[in-house]
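Welcome, and please open your viewer. We will go from one selection to the next, with a short note on what to look for at each stop.

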Amino acid sequence: TAEFSKKLVLDEDDLKKEEHKKEIFIKELGFSHVVEMIIKHCQANPTCAIVGHNMMYDVIYFYNQFVGPLPETYAQFIILWHSLFPSIFDTKVLSF
């Protein structure tokens, strides 16, 4: 019937709109989505390592921007960071 056809077209339009919203949402997430994938990978694979040079400020910025607010103390931060990324190597520290 005409009503059924109209409803089917509306459903297809709604589906396209929802898919478009989902694409925009994923696009807007941007790097946050990448960070989430890295965290999941590192938690699932204990041999995963983060390697960088002179990266203390980068680690703090990364955590604050993509994981959550910084804890009150450095000791708390280290516990939280290592729960996400068990292995981290700073080549500047290793070079001394």
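Is Glu18 buried, partly exposed or exposed? Select Glu18 and show its surface: the residue is partly exposed, with a relative accessible area of 47%. Here buried means under 20% relative accessible area, exposed over 50%, and partly exposed in between, with a 1.4 Å probe and protein chains only.

Before moving on, please note that this is a predicted model, in which local features need pLDDT of at least 70, side-chain atom pairs count only at pLDDT 80 or more, and totals for chains, interfaces and linings use all residues. Residues are numbered from 1 along each chain as its sequence is written, and side-chain values use heavy atoms, with hydrogens and water left out.

**Stop one: the whole chain**

Colour by secondary structure and you should find five helices and two strands. Helices (H or I, at least four residues) and strands (E, at least two) are DSSP runs, numbered from the N terminus. Their order along the sequence is α-α-β-α-α-β-α. The protein chain has 96 residues, of which 17% count as buried. Switch on the surface: its accessible area is about 7900 Å², and 63% of that belongs to carbon and sulfur atoms. These areas come from the Shrake-Rupley method with a 1.4 Å probe; for residues, only the protein chains shown count as cover.

**Stop two: the salt bridges**

How many salt bridges does a search of the whole structure find? There are two, where a salt bridge is a side-chain nitrogen of Lys or Arg within 4 Å of a carboxyl oxygen of Asp or Glu.

Go back to Glu18 and add Lys21: they form a salt bridge, with the closest N and O atoms 3.6 Å apart. Both residues belong to helix H1 (residues 2-29) and sit three residues apart, about one turn of the helix.

Next, select Glu36 and Lys40, whose side chains meet in a salt bridge at 3.2 Å, N to O. This pair lies in helix H2 (residues 31-44), four residues apart, about one turn of the helix. Glu36 is partly exposed at 39% relative accessible area, while Lys40 counts as exposed at 53%.

Keep Lys40 selected and add Phe85. The two are 45 residues apart along the chain, yet their C-alpha atoms are separated by 9.5 Å.

**Stop three: H2 against H3**

Now show H2 together with helix H3 (residues 56-67); they pack at an angle of about 110°, with their axes 10 Å apart. Axes are lines fitted to C-alpha atoms, for helices over the stretch in contact, and angles run from 0 to 180 degrees between N-to-C directions. H2 is therefore roughly perpendicular to H3, a label used for angles of 65 to 115 degrees.

Show side chains for Phe31, Ser32, Val35 and Ile39 in H2, which meet Phe62, Phe66 and Val67 in H3. Contact means heavy atoms within 4.5 Å. By class, this contact has six nonpolar, one polar and no charged residues. Ala, Val, Leu, Ile, Met, Phe, Trp, Tyr, Cys and Pro count as nonpolar, Asp, Glu, Lys and Arg as charged, and the others, Gly among them, as polar.

**Last stop: H3 against H4**

Keep H3 and add helix H4 (residues 74-84): their axes come within 12 Å and cross at roughly 75°. H3 is thus roughly perpendicular to H4. Residues making the contact include Met56, Phe62 and Tyr63 of H3 and Phe77, Trp81 and Leu84 of H4. Which classes are present? The contact has eleven nonpolar, no polar and no charged residues.

Notes: Parallel < 35°, antiparallel > 145°, perpendicular 65-115°, else oblique.
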